[in-house]
Amino acid sequence: MKAVHFGAGNIGRGFIGLLLHDAGYEVVFADVNAELIDALAASDHYTVHEVGVGARDLVVDRYRAVNSQTDAAALAAELADADVLTTAVGPNILRFIAPHVLQALRDRSPDAPPLAVMACENAIDATSMLREETRHLAGPDEWLELERRAVFANTAVDRIVPGQPEGAGLDVTVETFSEWAIEEPPFGDAPPVIPGAHFVDRLGPYIERKLFTVNTGHASTAYFGFLAGHERIAEALADASVAERVERVLHETSALIVAKHGFGEGEMAEYREVILARFRNEGLPDTVERVGRQPLRKLSRRERFIAPAAELAERGLPVDALLAAVEAALGFDVPADPESVELQERLATDAAPTFVREVCGIEPGHPLHDRLVEVVGRRTAS
Ligand SMILES: NC(=O)C1=CN([C@@H]2O[C@H](COP(=O)(O)OP(=O)(O)OC[C@H]3O[C@@H](n4cnc5c(N)ncnc54)[C@H](O)[C@@H]3O)[C@@H](O)[C@H]2O)C=CC1
Ligand SMILES: O=P(O)(O)OC[C@H]1O[C@](O)(CO)[C@@H](O)[C@@H]1O
């Protein structure tokens, strides 16, 4: 069994690559980072170091590595007979993976079992996004033939993998917790066997609960923490004023998850506690700058702040804490993060309604619109 995994970064090596390896797959890492690919190609194993209760050191071996930018032939050869294709590259990068998926399907024997394609990104319906990009490249006639050669399944991935310390090499430090939920129905009665993952009938409730709790909570901690002058996430949450604002945000998003998906209030309270304890893990050298990275993506319509706030506003439920987190996100000024630089430039030039429409995707007339314009207007120059 072979899996080609795009993105040999933190989640790629520290989570998805590890679980595929443990499931018995020969893993082929594909990445555009030449230094990383060369290091992987020159090595025969790396170690995933867990930190937290019950931590273990886990060895990953039997992998190969291909530079997907410069070695198209080797990549195509690996993909042609792969069983599984996964990604952990970032949602904005999926469009660059689509040509490889298309090539893989063109080269695949029509008689081979379908390729299982699973995008493992922090985004709702990331695999569907990848499928749509691929379909678009193929055109309608060819797609009719090619789509039978793959199964596209959405997934939700949860494991905190911080930036790695200098000198760590290929080894990755991760938290002990991990969850990889995969929607089962697209596979019919033949889902791939990945013991570390779990298959669910409906992914929607899981991914929304995860994104609007783990990711909303983490990003809120990062933005409130950044403004309060903290460097690390654990340190930010030790600040009572940050923790209190994060908890208020999560009470709001939990109200949506309870109302929309039927999770119990008690169950959500426990879920929040587990998550906040994960963020407080002192063993994770996680920074507010990493967790707050790419603020424009995080402020977009289907993401962790605007999506729950919009739905709460539509239901007439409170959004004050979420709006406070949005305001904090607008103050994320990190010169090393290109999206943060663009954010600050837009705040200096855009009128608030323009920003709200173009960045947050909220149109006039939406119940969130006027309050969001007011919040953004406090940060814009005009
Ligand atoms: N780090 C974390 O704690 C978690 C991250 N995620 C998600 O996983 C995804 C990856 O995140 P990380 O691993 O943290 O990022 P990362 O930056 O460590 O890794 C991303 C990798 O993708 C590679 N890449 C970029 N463009 C590429 C391309 N065109 N083709 C092939 N590879 C390419 C980069 O070179 C890099 O090695 C993101 O969607 C993130 O939201 C999800 C859960 C947890
Ligand atoms: O690129 P993003 O969306 O910030 O993804 C990384 C986030 O995902 C998480 O691991 C949660 O699963 C957080 O640690 C981290 O903030």
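Where does ligand 2 lie with respect to domain 1 (2–202) and domain 2 (205–377)? In this predicted model, both domains give residues to the shell around ligand 2, so the ligand lies between them.

It helps to look at that shell residue by residue. Ligand 2 is surrounded by N122, D158, I160, V214, N215, H218, V291 and R293. By character, these residues divide into 3 nonpolar, 3 polar and 2 charged. Helix α7, which spans residues 204–227, gives the most to the shell around ligand 2, contributing 3 residues.

A second part of the picture concerns the strands at the start of the chain. Strand β1 (residues 2–6) and strand β2 (residues 26–31) run parallel and are joined by 5 bridges. Within this pairing, V4 stands opposite V28 in β2. Helix α1 (residues 10–22) belongs to the arrangement too: β1, α1 and β2 together make a right-handed β-α-β unit.

Strand β2 also pairs with strand β5 (residues 63–67), again in the parallel sense and over 5 bridges. Here A30 of β2 stands opposite V66 in β5. As for its surroundings, strand β2 is largely enclosed by the rest of the structure, because 5 of its 6 residues are buried. Strand β2 thus combines a parallel pairing with β1, a parallel pairing with β5 and a largely enclosed position.

Conventions. Residues numbered from 1 in each chain as written. Chains lettered and ligands numbered in written order. Predicted model: local features only at pLDDT ≥ 70, side-chain atom pairs only at ≥ 80, totals over all residues. Near = placed C-beta within 6 Å. Helix = DSSP H or I, 4+ residues; strand = E, 2+ residues; numbered from the N terminus. Nonpolar A, V, L, I, M, F, W, Y, C, P; charged D, E, K, R; others polar. Domains from an automatic or database assignment. Buried ≥ 20, exposed ≤ 12 C-beta atoms within 10 Å, placed from the backbone. Pairing = 2+ DSSP bridges. Right-handed = clockwise from strand over helix to strand, strands pointing away.
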